[in-house]
Amino acid sequence: MAKATEFHWQALAADVHRRTGFASYGLDPVSILALLNTIIPAVVGWVQQCKKVKDEDVQPTVAAMYARNPAGTRARLARQCKAERLKQGREFCQNMRLNAKQRREAMKDFNLDDDDADSMAEAMLQECFSQTPEQFARFCGGA
């Protein structure tokens, strides 16, 4: 097995030499693994840190979205409410192991009509604006 791997790397080095003119290329498999094990976690950590939303930034962001386009923000939130309710219905049906007919009947209870979703979205937005930023961030985190 070691000879096959050594042959592979020698063939790769010869190919690099043929294409570039360099006799050696300086990165062996151990170096590549070391780079991957040190650089990739750091990059992933940096990306996750950039994506984190600070608690004090949640409410102003929602307020800015609402100020820019109140109807669009309300409609987006209403769509998310409907989608979340349907997701809950699917999970319920899966957990209860309902057959197709029972599933159709059960899903009727989980469908939100447009008026219900709009009123729910409006209530959530009013809740957003009536609380402190820290309370609202906890509210969003628990949802």
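In the predicted model, Thr73 counts as buried, its relative accessibility being 8%. The residue belongs to helix 4, which spans residues 70–96. Although Thr73 is a buried residue, its side chain is provided with polar partners from the backbone: the oxygen of Met65 is reached at 3.0 Å, and the backbone oxygen of Asn69 lies 2.9 Å from a polar atom of the Thr73 side chain. When neighbours within four places in sequence are left aside, the contacts of Thr73 are with Met65, Tyr66 and Leu125. Met65 therefore appears both among these contacts and as the residue whose backbone oxygen the Thr73 side chain reaches, with the burial of Thr73 resting on a value of 8% against a cut-off of under 20%.Leu77 is likewise found in helix 4, and at 17% relative accessibility it is counted as buried. Not counting residues up to four places away in sequence, Leu77 touches Ala121, Met124 and Leu125. The approach to Ala121 is also seen in the backbone, where the C-alpha atoms of Leu77 and Ala121 are separated by 5.5 Å despite lying 44 residues apart along the chain. Met124, one of the residues touched by Leu77, lies in helix 6, which is formed by residues 114–130. Met124 is partly exposed, with a relative accessible area of 25%, and, once neighbours within four places in sequence are left aside, its contacts are with Leu77 and Cys81. A further pair linking these parts of the chain is that of Met124 and Arg74, which are 50 residues apart in sequence and whose C-alpha atoms are separated by 9.3 Å.

Cys81, the other residue in contact with Met124, counts as buried at 9% relative accessibility, and Cys93 counts as buried at 3%. The structure nevertheless holds zero disulfides.

Cys93 also takes part in the packing of helix 4 against helix 5. Two packed helices are described by the angle between their axes and the distance between the axes. For helix 4 and helix 5, the axes come within 9 Å and cross at roughly 145 degrees, and the crossing is right-handed. On the side of helix 4, the contact is made by Arg85, Leu86, Gln88, Gly89, Arg90, Phe92 and Cys93, while helix 5 contributes Arg103, Ala106, Met107, Asp109 and Phe110.

Within helix 5, which covers residues 100–110, the buried residues are Ala106, Met107 and Phe110. Seen down the axis of helix 5, these buried residues fall within an arc of 105 degrees, so they line one face of the helix. An α-helix has 3.6 residues a turn, so residues three or four places apart point the same way. The buried residues of helix 5 pack against helix 4, whereas Lys101, Arg104, Lys108 and Asp109 are exposed on the other side of helix 5. Asp109 is thus listed among the exposed residues and also among those of helix 5 that make the contact with helix 4.

The N-terminal end of helix 5 is capped by Asn99, a side-chain oxygen of which lies 3.2 Å from the backbone nitrogen of Lys101. In the loop between helix 4 and helix 5 is Arg97, which is not a glycine but has a positive phi of about 55 degrees. Most residues other than glycine have a negative phi, and most peptide bonds are trans. Arg97 is exposed, with a relative accessible area of 74%.

Over the protein chain, the secondary structure comes to seven helices and zero strands, which, read along the sequence, gives the pattern α-α-α-α-α-α-α. Of the 143 residues of the protein chain, 17% count as buried. Among contacts between residues at least 6 apart in sequence, 59% join residues at least 24 apart; the contact between Leu77 and Ala121, residues that are 44 apart along the chain, illustrates such a pairing.

Note on methods: Residues numbered from 1 in each chain as written. Predicted model: local features only at pLDDT ≥ 70, side-chain atom pairs only at ≥ 80, totals over all residues. Heavy atoms only, no water. Buried < 20%, exposed > 50% of the residue type's maximum accessible area, 1.4 Å probe, protein only. Helix = DSSP H or I, 4+ residues; strand = E, 2+ residues; numbered from the N terminus. Arc of directions from axis to C-beta. Contact = heavy atoms within 4.5 Å. Polar contact = N/O pair within 3.5 Å; in protein donor to acceptor, adjacent residues only side chain to side chain. Disulfide = S-S within 2.5 Å. Axes fitted to C-alpha atoms, helices over the stretch in contact; angles between N-to-C directions. Left-handed = near helix turned anticlockwise from the far one by under 90°.
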